[in-house]
Amino acid sequence: MRDDLPPVRPRRLRATPAWRRLVAETRLHPAELVLPVFVREGASAPLPISAMPGVVQHSLDSFRAALHEAAEAGVGGVMLFGVPAEERKDAAGSAADDPDGILNVATRIAAAEVGDALVVQTDLCLDEFTDHGHCGVLAADGTVDNDASLERYRSIALAQAEAGSSLLGLSGMMDGQVAAVRDALDAAGCTDVAILGYSAKYASAFYGPFREAVGSTLRGDRKTYQQDPANRREGLREADLDLAEGADVVMVKPATAYLDVLADVAATSPVPVWAYQVSGEYAMLEAAAANGWIDRDRAVAETLLSIRRAGADAVLTYYAAEVAGWIRQGRL
Ligand code: PBG
């Protein structure tokens, strides 16, 4: 042994699988994973999403099966997205607060079938339902009208609460959306329905495959309401505003490219902080793995672990059910 080496040798604690297991600072648990699920109106069989191999737009039948699979895998919850038939889209996104709209129908099914085992969550936004594809309604000049959109969100919140959603995911990035929805819920007596603020949501290229997943018709971009990827401080400010307005959970999105923002928010948040590993993050991993360029399962586990390490209490990920299975099998 060389005697000029320092006495501290960190490698001691890495020497065996047993050591590494004992000293791991971060672990993945199925309950900390939330599975986003797409349900398509009128589909008689699941439809593949080409940029997200392995993810589908569900029919109601395959949706039921996916819910039970997720519950058996032990994930913490499901985040539901509706994909309405093209002819149901209009300027106001009316299908979003129609009790017979696809998302509300799916929510009723999920609440009835797995509502005890999983936290049933719904995306509260307009982009899936509007013919122009924006997350809000438009003013006469074509810009997104913040306060008119809040009125729509209030109504959608009541429809989703009535359908049985336990947690409303406010992903539209309108100013004041958490306060508006909280007020509407409380006035209607829905005081137990919780709010997830997509607080620090960036205008990201990584949402690309999601557009196909929900059949979005957006032309243009969302840069006047989603955040500029250049800004770190602003993520904290948005989270603070959502907390002041009554958010029960705050989120940072996307995840991997925004781990600094996630760490900032996690350092001070008094409520749970979640992160969303979005469609483009999934697509990148799958594409590289399909080419044999990375080890898929290791890379997936590493990204999720990194998101948790940066401070996320839970992660929305298209891998939720699969990774929950790995954990239960003792592979992670
Ligand atoms: C808005 C919404 C989006 C995503 C979740 N909610 C799209 C957007 O803001 O452009 C993206 C999720 C993903 O990319 O996986 N309803």
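This report walks through the ligand site, the cavity, the two main pockets and two backbone details of a predicted model.

## The ligand and its shell

Let's start with the ligand. It has 17 residues around it, and the ones that come nearest are Asp127, Lys201, Lys253, Ser279 and Tyr318. Sorted by class, that shell is 7 nonpolar, 3 polar and 7 charged residues.

Some of the charged side chains make polar contacts that are easy to pick out on screen. Lys201 puts a polar side-chain atom 2.6 Å from an oxygen atom of the ligand. On the nitrogen side there are two aspartates to look at: Asp127 has a polar side-chain atom 2.7 Å from a ligand nitrogen, and for Asp123 the distance from a polar side-chain atom to a ligand nitrogen is 2.9 Å. As for cover, the ligand on its own has 400 Å² of accessible area, and the protein covers 100% of it.

## The cavity that holds it

Where does the ligand sit? In the largest cavity. With a 30 Å³ threshold, the structure holds just 1 cavity, and the volume of this largest cavity comes to about 150 Å³.

Its lining is made up of 18 residues, with Asp127, Lys201, Tyr207, Phe210 and Lys253 nearest the centre. Asp127, Lys201 and Lys253 will be familiar, since they are also among the residues that come nearest to the ligand. Two elements, β7 (194-201) and α6 (208-213), each give the cavity lining at least two residues. By class, the lining splits into 9 nonpolar, 3 polar and 6 charged.

## The largest pocket

Now for the open spaces. The largest pocket has a volume of about 600 Å³. It is lined by 16 residues, and those closest to its centre are Arg20, Ala24, Thr26, Arg27 and Leu305.

Which elements each supply at least two residues of this lining? They are α1 (17-23) and α10 (296-309). Of the lining, α10 provides the largest share, at 5 residues. The class count for the lining is 8 nonpolar, 2 polar and 6 charged.

## The second largest pocket

The second largest pocket comes in at about 370 Å³. Leu35, Gly54, Val55, His58 and Tyr318 are the closest to its centre, out of 18 lining residues. Tyr318 is worth a second look here, as it is also one of the residues that come nearest to the ligand.

Strands and helices both take part in this one: β1 (33-40), β3 (56-58), α2 (60-73) and α11 (320-328) each bring at least two residues to the lining. The largest share is from β1, with 4 residues. As for character, the lining has 13 nonpolar residues, along with 2 polar and 3 charged.

## Two backbone details

Lys253, already met beside the ligand, has something going on in its backbone too: a cis peptide bond joins Lys253 to Pro254, with omega about -10°. Pro254 belongs to the loop between β8 (249-253) and α8 (259-268).

The other one to check is Met173. Its phi is near 60°, which is a positive value in a residue other than glycine. You'll find Met173 in the loop between β6 (167-170) and α5 (177-187).

Conventions:
Residues are numbered from 1 along each chain as its sequence is written. This is a predicted model: local features need pLDDT of at least 70, side-chain atom pairs count only at pLDDT 80 or more; totals for chains, interfaces and linings use all residues. Side-chain values use heavy atoms; hydrogens and water are left out. A residue is near a molecule or strand if one of its heavy atoms lies within 4 Å of it. A polar contact is a pair of N or O atoms within 3.5 Å; within protein, one must be able to donate a hydrogen and the other to accept it, and residues adjacent in sequence count only if both atoms are side-chain atoms. Accessible areas come from the Shrake-Rupley method with a 1.4 Å probe; for residues, only the protein chains shown count as cover. On a 1 Å grid over the protein atoms alone, a cavity is a set of points where a 1.4 Å probe fits but cannot get out, and a pocket is an open set with protein on both sides within 12 Å along at least five of seven lines; lining residues have an atom within 4 Å of a point. A molecule sits in a cavity or pocket if more than half of its atoms lie within 2 Å of its grid points. Ala, Val, Leu, Ile, Met, Phe, Trp, Tyr, Cys and Pro count as nonpolar, Asp, Glu, Lys and Arg as charged, and the others, Gly among them, as polar. Grid points are joined across faces, edges and corners, and a volume is the space filled by probe spheres set on the points.
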